[in-house]
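Reader: I have a model to look through before setting up calculations. Can we go over its pockets, its ligand site and its odd backbone spots?

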Amino acid sequence: MLQVAINGYGTIGKRVADAVRAQPDMEVLGVAKTRPNFEAEQAIAKEYPLYAAIEERADQFGEAGLEIAGPVEDLIDEADVVVDATPSGVGAQNKELYEAYDTPALYQGGEAKDLAEVSFNARANYADAADADHVRVVSCNTTGLSRIVAPLEEAYGIEKVRATLVRRGGDPGQTSRGPINDILPNPVTLPSHHGPDVNTIFPDLEIDTLGMKVPATMMHMHSVNVTLETDVDAADVRELFAGENRLFLIPERMAIDGSGKLKEYALDAGRPRGDLWENCIWEESISTVGRDLYFFQGIHQESDVVPENVDAIRAVTGLADADESMATTDETLGVGF
Ligand code: NAD
């Protein structure tokens, strides 16, 4: 069994831990936290060995009645691979630690692309991560765009992607985030960082992205226009997307008109934390005009990167090839409605 360490047990880290636990070929060696909050208590309740990420604060855990397995260094030393799910920029500070113990590391999309040898999306470039020591699983938005670019590129060729990303202001737990009642062009200049980030996966892709922020916490919404290299029929694109397990085509009959009902559906379906690991594409929005394809997709920022992290673990450690890994991940988590 592959031993996986998770450093940073917040929004992404706790989901990755649960996803790793569900796999037949890997287990959670432990999780590291900086302070004893509700998530630390839950880690103990779930019987994840809890390690102190910051030595000077280790005593706080004992004072809060939480037993610590040791310092984060012990965890990294013993792990076969570490998933760093610390806040943006902290992963870069942790790189030295992972190098010191020669432990391959996965970072998240908030880190700069230069931190890692490879930026990763399972559907697009799984094999590139083989034997890499430092891999960045791209952000939620870049994951969502990569999952649609890969099949479209293969089936039709892409001349250009134009995507407008209406982004949630913060995650449900991020009380410090705004805007409270506003709509921000964000960034106000073009392109938003998302297009260049997609180019870390598809270097030759023509893509322009615009970003906005709105006072929502549930999901991002992408308005996507792809100019393909050939004329295409909307029905063919629907069929192509329907063949991709990590794309959920929301049927018109479900009467899901936005993020709120999508999340409600996920909860009704018994998804943990109401997670939506798939791109949620409104089937009837898929439209074509000549070579231009249009559609809307909802991206659940807190969870779409979770199956990608599991696949990245297998990719760097050589546990499985892309198809095998994605199939196992999807089956064990229940990805694909
Ligand atoms: P988060 O703040 O919810 O969780 C980060 C956790 O790391 C917190 O528990 C924090 O206490 C802990 N931490 C802080 N410093 C640490 C240290 N030195 N060592 C160990 N732990 C430390 O953040 P998040 O939303 O999970 O984001 C983590 C990464 O994932 C970022 O790079 C982010 O850009 C990326 N990401 C986030 C989302 C999202 O929407 N939340 C989506 C995709 C990718």
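Author: This is a predicted model. Start with the second largest pocket. Domain 1 (2-138 + 305-333) and domain 2 (140-299) both give residues to its lining, so the pocket lies between them.

Reader: How much space lies in the second largest pocket, in Å³?
Author: The pocket is lined by 13 residues. The space in the second largest pocket is about 210 Å³.

Reader: Which helix gives the largest share of that lining?
Author: Two helices each supply at least two residues to the lining: H6 (122-125) and H12 (322-333). The largest share is 5 residues, and it comes from H12.

Reader: How many residues of that lining are charged?
Author: Those nearest the centre of the second largest pocket are Arg123, Glu244, Asn245, Met326 and Asp330. The lining as a whole has 5 nonpolar and 2 polar residues. Its charged residues number 6.

Reader: Now the ligand. Where does it lie relative to the domains?
Author: There are 20 residues around the ligand. Domain 1 (2-138 + 305-333) gives residues to this shell, and so does domain 2 (140-299). The ligand therefore lies between domain 1 and domain 2.

Reader: Which residues come nearest to the ligand?
Author: The shell divides into 7 nonpolar, 10 polar and 3 charged residues. Five of its 20 residues come nearest: Thr11, Ile12, Arg168, Asp171 and Gln301.

Reader: Which residue puts a polar side-chain atom 2.6 Å from a nitrogen atom of the ligand?
Author: Consider the oxygen contacts before the nitrogen one. Ile12 has a backbone N or O atom 2.9 Å from a ligand oxygen. Lys33 has a polar side-chain atom 3.0 Å from an oxygen atom of the ligand. The side-chain contact to a ligand nitrogen, at 2.6 Å, belongs to Asp171.

Reader: What percentage of the ligand's accessible area does the protein cover?
Author: On its own, the ligand has 830 Å² of accessible area. The share covered by the protein is 81%.

Reader: On to the backbone. Which residue is joined to Pro187 by a cis peptide bond?
Author: Pro187 sits in the loop between strand E10 (184-185) and helix H8 (194-198). Omega is about 0 degrees at this cis bond. The partner of Pro187 is Asn186.

Reader: What is omega at the cis bond between Leu190 and Pro191?
Author: Pro191 is placed in the loop between E10 and H8. A cis peptide bond joins Leu190 to Pro191, with omega about -10 degrees.

Reader: In which loop is Glu47 found?
Author: Glu47 is not a glycine, yet its phi is positive, at about 65 degrees. Its place is the loop between helix H2 (38-45) and strand E3 (50-52).

Methods. Residues numbered from 1 in each chain as written. Predicted model: local features only at pLDDT ≥ 70, side-chain atom pairs only at ≥ 80, totals over all residues. Heavy atoms only, no water. 1 Å grid on protein atoms, 1.4 Å probe; cavity = no way out; pocket = protein on both sides within 12 Å on 5 of 7 lines; lining within 4 Å. Points joined across faces, edges and corners; volume = space filled by probe spheres on them. Helix = DSSP H or I, 4+ residues; strand = E, 2+ residues; numbered from the N terminus. Nonpolar A, V, L, I, M, F, W, Y, C, P; charged D, E, K, R; others polar. Domains from an automatic or database assignment. Near = heavy atom within 4 Å. Polar contact = N/O pair within 3.5 Å; in protein donor to acceptor, adjacent residues only side chain to side chain. Areas by Shrake-Rupley, 256 points an atom, 1.4 Å probe, with all protein chains shown as cover.
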